Amino acid sequence: MTDKAADRHGQEQRWRDLAEKALGNEVQDGRADPATRRWTICQRIDDPDVERARAQIAEDLARGATGLALIFDGAPNAFGYGLPGTAQALERVLDGVPLDKIYLRLDVHPASRAMADWLVTLLSGGKVDPSRLNLSFGIDPAATFAGTGRLRMTIEALQASMPQSLAHFFAMDVPGILLEADGRVLNNAGASEARELGAMLASAAAHLRLFQEARQALIYAAPHIGFALGVDDDARLSAAKIKALRRLWQRVQEGFAIPPARASVHAETSMRFVDRHDLAGNVARNAAACLGAAAGGADSIAVLPHTIAHGLPEGDARRVARNIQFLVAQEDTAIGDVDALIDSLCEQAWAEFQRIEQEGGILPSLKAGHIQARVRASAEERRKSLAANRASSAASGGTVPTLPAERHPAPTDGVVFCEALLPLRLDDPVGVGQ
């Protein structure tokens, strides 16, 4: 066995050891050795039943989670589920949550601007010091357009209205991440790492231009732009991707003649490597992805429950998703030299970014289908590689427990349309759909 093969084999065994511990009872909560936590342990809240969602939040926070990702019905990353998209649901689900002690993110959603207003109204009526909040409002029109295939106003109207909204938020001194460049839609659709990064850069550059039009000083506005990306079971590549993103974001800001602000990065394990028939393998792949995100320096990490291909995950699957992060936090997450890989990703991602800019920017490129065509090509390459390198997975025995919930079809209303980049699973030729 070569040194490289031996190293890979050792990594895989490490991931499977972590998976076995996560599936067992070795970790019940995250209260042991909190000093080892180097990132926010974020749990997805995506249950259409608000009262069940409230119970999940109480359980997650009691067991050591330090962040919540609220995912609403109709969001590209909801996979057919999600909280009801109403102000009442938002208020109810956050009732009693210690917002000044956790990280809270709203996932990208077609109505994210309205949701941001609802959240600001909710916070303004409370007793929480805004300076102590850690928020992400998850506004990214490009991710919404790519993931749903529609916009509720024309691109021109959207670009004209956003600066006024941004000025409004700045006047209220809203903390945290306001606009996000979210690459998870492309990642889950099978994009290469470089294409995902390139699209994120194009979104972030568009955000900076919106701040300019809102007459906000970019030196103060740039820290309000955040990033979300997908990580998969190649831990080394996932770590390099996050490090490359930070370097690329610095380069973009230098192009706008501002001192670079550090990129705030949220990482989520990818849907595309989930295997419906290999639940234990899903846990191991999640452990590898989490290790890669940690080694790359992600600020927050969310792990998709290993049963998500079967339906809305229930308590045990959510516990395993938490346990993976607690266990990885206790591990040495150092990964070998990835400088050459970072350099390669930066070069390819910058070329993709420039290509999108030449196509008119992120929204026009999506409308014309240019980005989708390149993502489809990457997805096909991944399918062929998977078929050649992954052995057939054994069928999982018995019924996989899930919560009772119907998957909702994606809304079809809109003014501008494009080909939607729907999430897929590489083991399933049909894909996930919505």
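**Salt bridges**

This predicted model holds 35 salt bridges. Begin by selecting Asp107 and Arg184. Their side chains meet in a salt bridge, with N and O 3.1 Å apart. Asp107 sits in the loop between β3 (103-106) and α4 (112-124), while Arg184 belongs to helix α7 (residues 184-188), so the pair ties together parts that are 77 residues apart in sequence. Is this pair buried or exposed? Both Asp107 and Arg184 are buried.

Keep those two selected and add Arg44, Asp46, Arg105, Glu180, Asp182 and Glu268. Together with Asp107 and Arg184, these residues are linked in a network of salt bridges.

**Asp182, a member of the network**

Now centre the view on Asp182, one of the residues in that network. Asp182 is part of strand β6 (residues 177-182). Its relative accessibility is 7%, and because buried means under 20%, Asp182 counts as buried. Show the side chains of Asp182 and Arg184: they make a polar contact at 2.7 Å. Then look for the contacts of Asp182 beyond its neighbours within four places in sequence. These are Val108, Asp140, Ala143, Met200 and Ala228.

**Helix α5**

Ala143, just seen in contact with Asp182, leads to the next stop. Select helix α5 (residues 141-148). How many of its eight residues are buried? Eight of the eight are, so α5 is largely enclosed by the rest of the structure. The buried residues of α5 are Pro141, Ala142, Ala143, Thr144, Phe145, Ala146, Gly147 and Thr148. Move on to Gly149, just after α5, where phi is positive, at about 75°.

**Two salt bridges within helices**

Select Asp316 and Arg319. The closest N and O atoms of this salt bridge are 4.0 Å apart. Both residues are in helix α12 (residues 315-329), and because they are three residues apart, about one helical turn separates them. An α-helix has 3.6 residues a turn, so residues three or four places apart point the same way. The two ends of the bridge are not alike in accessibility: Asp316 is partly exposed, with a relative accessible area of 47%, whereas Arg319 is buried, at 14%.

Next, select Glu352 and Arg355 in helix α13 (residues 339-358). These two are also three residues apart, about one turn of the helix. Their salt bridge has its closest N and O atoms 2.5 Å apart. Which end is buried here, and which is partly exposed? Glu352 is buried, with 2% relative accessibility, and Arg355 is partly exposed, with a relative accessible area of 33%.

**Helices α10 and α11**

Show helix α10 (residues 235-255) together with α11. The two helices pack at an angle of about 30°, and their axes are 7 Å apart. Their crossing is right-handed. To see the contact, select Ala235, Ser238, Ala239, Ile242, Lys243 and Arg246 of α10, and Ala288, Gly292, Ala293, Ala295 and Gly296 of α11. What kinds of residue make up this contact? Six are nonpolar, three are polar and two are charged.

Stay on α11 (residues 279-296) and select Asn286. Asn286 has 3% relative accessibility and counts as buried. Which side chain does the side chain of Asn286 meet in a polar contact? The partner is Thr269, at 3.4 Å. Apart from neighbours within four places in sequence, Asn286 is in contact with Thr269, Phe273, Val303, Leu304, Pro305, His306 and Ile324.

**Two residues with positive phi**

Two loop residues remain. Select Ala257, in the loop between α10 and β8 (264-269). Phi of Ala257 is near 60°, a positive value in a residue other than glycine. With a relative accessible area of 68%, Ala257 is exposed.

Last, select Phe79, in the loop between β2 (67-70) and α3 (87-94). Phe79 also has a positive phi, near 55°, and is likewise a residue other than glycine. Is Phe79 buried or exposed? Phe79 is buried, with a relative accessible area of 3%.

Notes:
Residues are numbered from 1 along each chain as its sequence is written. This is a predicted model: local features need pLDDT of at least 70, side-chain atom pairs count only at pLDDT 80 or more; totals for chains, interfaces and linings use all residues. Side-chain values use heavy atoms; hydrogens and water are left out. Helices (H or I, at least four residues) and strands (E, at least two) are DSSP runs, numbered from the N terminus. Buried means under 20% relative accessible area, exposed over 50%, partly exposed in between (1.4 Å probe, protein chains only). A polar contact is a pair of N or O atoms within 3.5 Å; within protein, one must be able to donate a hydrogen and the other to accept it, and residues adjacent in sequence count only if both atoms are side-chain atoms. Contact means heavy atoms within 4.5 Å. Axes are lines fitted to C-alpha atoms, for helices over the stretch in contact, and angles run from 0 to 180 degrees between N-to-C directions. A crossing is left-handed if the near helix is turned anticlockwise from the far one by less than a right angle, and right-handed if clockwise. Ala, Val, Leu, Ile, Met, Phe, Trp, Tyr, Cys and Pro count as nonpolar, Asp, Glu, Lys and Arg as charged, and the others, Gly among them, as polar.
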